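Open your viewer and get ready to select chains, domains and single residues in turn. Here is a short walk through what to click on and what you will find there.

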Amino acid sequence: MLLFSFVLSLTILLTSWVEASDYHEQLLLRPLPQSALLAAFNFRSNTTATAFEEQNFRYFPRSLGQILQHTHTKELHLRFALGRWDAEAWGARPRGGHREGGTGVELWAWIDAATDEEANARWLTLTNALSGLFCASMNFIDSTKTIRPVSTFQQEGDHSRTSPENLHLLHGALPHEVVCTENLTPFLKLLPCKGKAGISSLLDGHKLFDASWQTMAIDVRPVCPADGSECLLEIDQTVDMVLDIERSMRPSHDPIPRPLPIENIKCNTSKPYNGPDTCFPEDQTGVLPAWSLKEVYGRPIRGSCPLTDDSAPTVILEVPEGRDVRGESAESFTQSREGNLRLYQLPKNADFDLTLREQSLDSSLSLEQPPVYASRTFTGQGQERGGMLAVLTNPSPSTAVSVIYLESLPWFMKPYLHTLQASISGSDPNVAMNPLDSVFYRPSIDRQRGTHLELALTIPAASTVTLTYAFEKAILRYTEYPPDANRGFDVAPAIIRVLPFPSTSNSTSLPPQSYQEGSTYLRTTSLLLPLPTPDFSMPYNVIILTSTVIAMGFGSVFNLLVRRFVGADEVEGPGLAGLKARVKGRIQALLARFGGGGEKKHQ
Amino acid sequence: MPIMLDVGSGPAVSDQMISTFQQKIDELNTFPLHRFRVSSASQDIDTEPVILVKLIADANQGSPRSNLLPYARVLEVYHAALKNSLEQSSLDSLADYVAHQVLDLFAEERATLSRLIPKAADSAISPELVERIDRRSMRSFKYAPTYHLTFSLFSGASTPSAWDIKAALDEYLTPLLQSFSSISTFTVDTQVQLYASLPPSMRGPVYDSESAQWTLEKADLSGFVNAAEWPLSPSIGLGPTINFILYAPSEGKSPLVIKETGGNSWLIPQWGGIQILNLPAGSTSNSSLLKQDLAPVMHTFADQLVSLLGLPQSPPSLPLRISSLKRERAASLILSASDTLGALSRLSLKLEAIAIPNNVAASVEKTIAHLEQACRELHDGRFQKALQHARIAEGEAEQAFFDPSMVGQVYFPDEHKVAVYVPLLGPMAVPLLMALIKEVKKLRRPNA
């Protein structure tokens, strides 16, 4: 992980002085334990500020550029995510969590505006325009889902040219949004090589959205070089995903997982019942699976994108030293090695594939430990009230860690802040301090804005902080329920910012040069809040009941009033017998006509 | 509409000449919408003259000859020297000649206005002129005070990936846009897109071995734009977007021409223009297009832009064409605003249940006020102001008509009311009806 960040910082530093080519792309592949594969794609391009203002676009996409100009957005971060990052099995998040998003859609931006109302109006325009561009329903991010975080996010760009009080940070999240191919297609259209050449040719909706965890990120920020030359506007597009290797290698025409035929299974021969038809499979934990890019993604990398700089390696594979890796291509390509990293530069026009053989190695890559483990759940039962429980664990044995915990809750979930309790349980019973340093709380207003809660906590070494608070659920109006009301309502994930060691208060002065210098970010999962729902069939029931009562009641009373009672002999006859007689008469008449006609013919 | 003619000031100009000219033009002009007024520079008039007629006495001239300057609104008339006496006959012949020339200049404008307002039609217009005017109106955009121009370079492969568009635009296109600035303003943006593939629904370029070129059929031209993959979203802001596309085919598909004509550019009505850039073989390795390469491209784009804006094709002087376009646009805007008002009034009469909100009423009043002003300005010859008022009137009329509360289906039609009350009243009504029928039958039986 350190090497990973080293390579990334190397690339960033490299790009800051190599201005010859304005477009860079990189793919980092790292197999994770239990047959998982982390694939991190990164595409970066930029444009000069003058070209941006004159609206001459080359690598920077014009549709996004015009939206940013129109809404006076100086820095934009947009995330589409799904899945869950398994920190126990996979270690720390890639890129320090800087390119991770909460489940669904998450958007935060620094908008240049004179007043708060103007900033809100521009934010609404921004969400509507982006929802059209990305085919996502971001237009639902209105004032009820928007907050202005105070200390959780730091600017990544250089905003020295704008006065700081005019920059408003606004954040909105849509945890209910389902991310799928219709969001991937506009993402690929923003790239210069458009998914047809280079590493972007691997991105396919079928494999990407089948992953255990994936995030698509778009970040736009201004970069002003230190020597005072012109500012640039940089767009950074990232796709990070963790694929399950076996699941991705299932061919598309036969996606059902089937057991292998017994000849292909490695059997544990020490068992007494081992035979040609009984097999106890051997423990495969130490064995690294065989895979290749073509099998995992369904296609090889199609050549290289000609806009990239030739000197930087495009595909980096991080595997232990003894691993057997082969790059295959019809044309020649450059490869090199640096410790655990295998570096490849793609051939210009031919397909490129990486193949790894099945191996059992003694050494394995060490995974970087995340600074904090976090999880969050609901407690309590019933439809009136509940509780929230967040557990933050610091695994480090020696260093305490400072975090900022941000939650944006919907207005119908009303927390009681006086019930907020933070308790520490850990190895050192003498530490009895209160982990809560400060609280920023903005209460909700019904149907106008949600709750904004930011907590600054310090977690001592090797301890767990448990945060609990109670909340009450509101009953919504009849028309405010979504079509599948009984599913529940999604609550956005909590965003946790781990402040760098040693914790300094002015970590927002400079944009970080690499992802390790500044803070790291984590997000918990989103939660489903079951609210009391009404019975939606009641209007139908009322109409049916009223009509039935009126029909039966009115009909009976009216008949009683109007009915005339007559003797039985005055009436033609009981209905059914009369009916039978009439039908019989008709049939006889018909027969007589045809029979008579026939008789007449005979005669 | 009064058209002012300025005869300039010179030794030959005199009041008698002016009155003779006026008389002759009034005799020859039968178009009710045009009213010509002749004046001279010495007179003080508040409206700007549309044409400046310069009389140049040339001793060698036999019969008079005229020359229209292409970039100024000046008509130069070379005539034989007038004798100093103000001979009526020579003045008459000169005036006759000048009047005929001036009326010829406005022939297309007359025809266009006759098509707009059939009641004011002049003598019969020739059918090819009619066809030309119809084609022009079909392919040009509706009038808007701001147009967005988007210039895109689509490359079939990965080169060319850059173009010197800013310099080319500044040199070749900006002067044209500035001369149009009295009518509309323009915002320009450009983009480069690579790996632009042609739509699969097209029959595709077909290789023609005899000319060693790839050809496109005429039927393919309308489907050339791959709207699914090419990012051609309209620009943000009011006003329509005019797209100009320069397509550079990949090396395997180059050169690409249109089969029937062998040309490489075409116009899509009310959308924009497309040009195919066939670079000479071997030069596709360089990835950047220079200003010199873009010069012919810009000329074609300028032609396409001019026809998309609806500029008439005659007379051969650009300022005259622009002023003629101004008058035509003002007239069509006035007509369309009045049409919208009429439709609005018919709608409010038909759907009496509609409650008309206050802002719609205010918009209607504003429309009427601006329409009156526009007509007055047209009458007085101030065409620039007339266009502005007509544009505001049209905007207000559209706003009033398309107000969300004016949409008919918001109101409950009677069928819905029936549908709600029938389940309640039906079970009551049916026994009553049956009982009524039985009673009527009973009453009839003793009578029968």
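Let's begin with chain B, where there are 11 helices and 15 strands. Keep in mind throughout that this is a predicted model. With chain B still selected, colour by burial: 30% of its 448 residues are buried. Switch on contacts, and you will see that residues 24 or more positions apart account for 75% of the chain B contacts with a separation of 6 or more.

**Stop 1: the domains of chain B**

Colour chain B by domain next. The assignment gives domain 1 (2-105), domain 2 (143-308), domain 3 (318-410) and domain 4 (412-448). Now show domain 1 together with domain 3: 10 residues of domain 1 of chain B are in contact with seven residues of domain 3 of chain B. What classes of residue make up the side of domain 1 of chain B that touches domain 3 of chain B? That side divides into eight nonpolar residues, one polar and one charged.

**Stop 2: a cis peptide bond**

Stay in chain B and zoom in on B:Thr159 and B:Pro160. The peptide bond that joins B:Thr159 and B:Pro160 is cis, with omega about -10°. To place B:Pro160 in its surroundings, show strand E6 (146-155) and strand E7 (162-163) of chain B, and look in the loop between them.

**Stop 3: where the chains meet**

Bring chain A into view and select the contact between the chains. Chain A brings 28 residues to this contact and chain B brings 21 residues. On the side of chain A that touches chain B, helix H3 (62-70) and helix H10 (538-562) of chain A each supply at least two residues. Which element gives the most to that side? The answer is H10(A), with nine residues. Colour the side of chain A that touches chain B by class, and you will find 14 nonpolar, eight polar and six charged residues.

**Stop 4: chain A as a whole**

Hide chain B and step back. Chain A has 11 helices and 28 strands. Turn the C-alpha trace of chain A along its principal axes, where it spans about 115 × 65 × 65 Å. The radius of gyration of chain A is 34 Å, whereas a compact globule of 603 residues would have one near 25 Å. Colouring by burial again, 35% of the 603 residues of chain A count as buried. As for contacts in chain A with a separation of 6 or more, 76% are between residues 24 or more positions apart.

**Stop 5: two domains in chain A**

Colour chain A by domain: domain 1 takes residues 2-246 + 259-360, and domain 2 takes 373-529. Draw a line between the C-alpha centres of domain 1 and domain 2 of chain A, and its length is 26 Å. Their contact takes 31 residues from domain 1 of chain A and 32 residues from domain 2 of chain A. Highlight helix H1 (residues 2-17) of chain A, which gives the most to the domain 1 side of this contact, with four residues. By class, the side of domain 1 of chain A that touches domain 2 of chain A has eight nonpolar, 16 polar and seven charged residues.

**Stop 6: into the core**

Now select the largest nonpolar core, which has 149 residues. Those with the most contacts inside this core are A:Ala39, A:Val372, A:Val403 and A:Ile496. Centre on A:Ala39 and, setting aside its neighbours within four places in sequence, pick out its contacts with A:Leu27, A:Leu29, A:Met241 and A:Leu243.

Then move to A:Leu38, in strand E2 (residues 36-48) of chain A. Is A:Leu38 buried or exposed? A:Leu38 is buried, because 21 other C-beta atoms lie within 10 Å and the cut-off for burial is 20 or more. Beyond its neighbours within four places in sequence, A:Leu38 is in contact with A:Arg30, A:Leu32, A:Pro94 and A:Val242. Label A:Leu243 too: A:Leu38 and A:Leu243 are 205 residues apart in sequence, but 6.5 Å apart in space, C-alpha to C-alpha.

**Stop 7: two glutamines with positive phi**

Finish with two backbone details. A:Gln34 lies in the loop between strand E1 (23-32) and E2 of chain A, and its phi is near 60°, a positive value in a residue other than glycine. A:Gln34 counts as exposed, because it has 12 C-beta neighbours inside 10 Å.

Last, select A:Gln55, in the loop between helix H2 (49-53) and H3 of chain A. A:Gln55 is not a glycine, yet it has a positive phi of about 65°. With 19 C-beta neighbours inside 10 Å, A:Gln55 counts as partly exposed.

How values were computed:
Residues numbered from 1 in each chain as written. Chains lettered and ligands numbered in written order. Predicted model: local features only at pLDDT ≥ 70, side-chain atom pairs only at ≥ 80, totals over all residues. Core = buried A, V, L, I, M, F, W, Y, C linked by C-beta atoms within 7 Å. Contact = placed C-beta atoms within 7 Å. Nonpolar A, V, L, I, M, F, W, Y, C, P; charged D, E, K, R; others polar. Rg over C-alpha atoms; globule rule 2.2 N^0.38 Å. Domains from an automatic or database assignment.
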